[in-house]
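Please look over the sequence and the structure shown here, and keep both at hand while you read. The paragraphs that follow lead from one part of the chain to the next.

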Amino acid sequence: MSEQFAVNRALFDEVMVPNYAPANVIPVRGLGSRVWDQNDREYIDFAGGIAVNCLGHCHPALVNALTTQANKLWHLSNVMTNEPALRLAKKLVDSTFAEKVYFANSGAEANEGALKLARRYALDVYGEHKQDIISFGKSFHGRTFFTVTVGGQAAYSDGFGPKPGAIHHAEYNNLESLKALISANTCAVIMEPIQGEGGIIPATAEFIQGVRELCDEHQALLIFDEVQTGVGRTGQLYAYMQYGVVPDILTSAKSLGGGFPIGAMLTTTAIAAHLKVGTHGSTYGGNPLGCAVAEAALDTINTPEVLTGVTHKEQLFRQELAKINAKYDVFSAVRGQGMLLGAALSEKFKGRSRDFLLASADLGLFVLMAGTDVVRFAPSLVIPDADILEGMARFEQAVAKVVNG
Ligand SMILES: *Cc1c(COP(=O)(O)O)cnc(C)c1O
């Protein structure tokens, strides 16, 4: 290395804003579901960059899409359109309910677009009174000030001065609490089909269907935030597809780019029409590099083999977690679907998800938390079965370490 300074974890504290508390290890390369750190120590990756690396690290289809596009054209701005964006939009439209697509750079930006569109639509069609947005407790929709205020954890939006208004929170999986809040003034209800950051909590089918009915009754748009559940994560291309419920707006990010930053908002022609020329935009949104990678990710994932594989791998995860739990009795439930699973800690271990994460990292395994009571797994959708078994062997050692103190 030519640097005249040490590139290590201490440098983070020296030069980075302290809003994160990263691990001590610094990974430098990855391949498939394995990652190596600066000391060439190898890890198995059950974290997937928080449900982002849907095809693992350096998947040949994504590397090829990125490098091919990198040698052609990186950026134009939205003064012009580009071929990768058009191809990706067409494929998203062809494979979902949507008729129109807006591209952003992240999940928060996709949600920001969705919420602004819902406000705009209600204002145009019904008038100024219809501006209420309802979301749910424990939900997570991103960190812009609008999206974080819509999210269901006030702690994340407190401390920044006056918040965007007309935002209300109902209780997730409780239709009565939504019924009590929804009215003719509601412009949109936003929900995650499975709450990710909130602790891997799936909505029941009755709840999702009931939310749709209440939205229809009150002429409110239904927004599904599929930033974490989308692009094959649950074994469906999008989680909504299994419920017989279609949203008015859907947002996608995380797995959409497989590690390249991109977000998308999907909707119908009638609703999209309200984001007229000049009403919303982004310099990088829909850039050729991101769209080329996302197109390759979508082509690879949206096949019966990969989607069925996700369901098979879920069974293997559940089977191995059950074996570990039979031995150590640490989980009260395993929730979630496909490659988005949460092991909820039993009463005795509540509040200690970080201990499981740290013990796992010590033993060569990356896992995630979803709050302090849930150990979360969001690996590659194509993680080899052998890596699942090896990772679970390491996880068992980590569990033993936590249990035995
Ligand atoms: C991660 C996440 C977001 C925010 O996405 P960013 O790309 O971090 O802005 C929004 N909604 C859900 C459900 C998420 O899981």
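In this predicted model, four strands form an open sheet in which the order is β13-β14-β17-β16, and the pairing is antiparallel. At the edges of this sheet stand β13, made of residues 331-337, and β16, made of residues 368-369, and each of these edge strands pairs on one side only. Strand β14 (residues 340-345) and strand β17 (residues 374-377) run antiparallel and are joined by four bridges; to find one place where the two strands meet, look for G342, whose bridge partner in β17 is R376. Helix α12, which takes in residues 304-328, packs on this sheet and touches β13, β14 and β17, and its direction makes about 175 degrees with that of β13.

A second open sheet also has four strands, in the order β1-β2-β3-β15, but here the pairing is mixed. Its edges are β1 (27-31) and β15 (365-366), and because each has a single partner strand, one side of each is left without a neighbour in the sheet. What does mixed pairing look like when the strands are followed one by one? Starting from the edge, β1 and β2 run antiparallel and are joined by four bridges, with P27 having D37 as its bridge partner in β2. The next pair, β2 and β3, is again antiparallel, this time over three bridges, and V35 has Y43 as its bridge partner in β3. Strand β3 (residues 42-45) and β15, by contrast, run parallel and are joined by two bridges, and here the bridge partner of I44 is L365 in β15. As a general point, strands of a sheet pair through backbone hydrogen bonds, and they may do so in either the parallel or the antiparallel way.

The turns between the antiparallel strands of this second sheet are worth following as well. The hairpin of β1 and β2 has two residues between the strands, and within this hairpin G32 takes a positive phi near 60 degrees. The hairpin of β2 and β3 has four residues between the strands, and there D40 takes a positive phi near 65 degrees. D40 lies in the loop between β2 and β3, and its positive phi is found in a residue other than glycine. A51, which belongs to helix α2 (residues 48-51), is also a residue other than glycine with a positive phi, in this case near 60 degrees. Across the second sheet lies helix α14, made of residues 385-403, which extends over β2 (34-37), β3 and β15 and runs at about 105 degrees to β3.

Stepping back to the whole chain, one can divide it into domain 1, which is made of the two stretches 9-58 and 304-403, and domain 2, which covers 73-301. The centres of the two domains, taken over C-alpha atoms, are separated by 27 Å, and the contact between them takes 25 residues from domain 1 and 24 residues from domain 2.

Helix α4 (residues 83-95) and helix α11 (residues 288-301) offer an example of two helices that meet, for their axes come within 8 Å and cross at roughly 35 degrees. The crossing of α4 and α11 is left-handed. On the α4 side, the residues in this contact are P84, A85, R87, L88, K91 and L92, while α11 brings P288, C291, A292, A294, E295, L298 and D299. Sorted by class, the contact of α4 with α11 has nine nonpolar residues and four charged ones, but no polar residues.

The last part of the tour concerns positions that carry annotations. Which residue does the unreviewed UniProt entry mark as "modified residue: N6-(pyridoxal phosphate)lysine"? According to that record the residue is K254, which is found in the loop between β11 (249-252) and β12 (263-267). If its neighbours within four places in sequence are left aside, K254 is in contact with I50, A51, V52, E197, V227, Q228 and I262. Under "binding site", the unreviewed UniProt entry lists G107, A108, F140, D225, E226, V227, Q228 and T283. These listed residues span 177 residues in sequence, and the farthest two C-alpha atoms are 24.9 Å apart, so they do not all gather at one spot. One of them, G107, lies in helix α5 (residues 107-125).

Terms used: Residues are numbered from 1 along each chain as its sequence is written. This is a predicted model: local features need pLDDT of at least 70, side-chain atom pairs count only at pLDDT 80 or more; totals for chains, interfaces and linings use all residues. Side-chain values use heavy atoms; hydrogens and water are left out. UniProt positions are given in the numbering used here, feature names are shortened, and annotations may be inferred rather than shown by experiment. Contact means heavy atoms within 4.5 Å. Axes are lines fitted to C-alpha atoms, for helices over the stretch in contact, and angles run from 0 to 180 degrees between N-to-C directions. A crossing is left-handed if the near helix is turned anticlockwise from the far one by less than a right angle, and right-handed if clockwise. Ala, Val, Leu, Ile, Met, Phe, Trp, Tyr, Cys and Pro count as nonpolar, Asp, Glu, Lys and Arg as charged, and the others, Gly among them, as polar. Two strands pair if DSSP finds at least two bridges between them. Domain bounds come from an automatic or database domain assignment.
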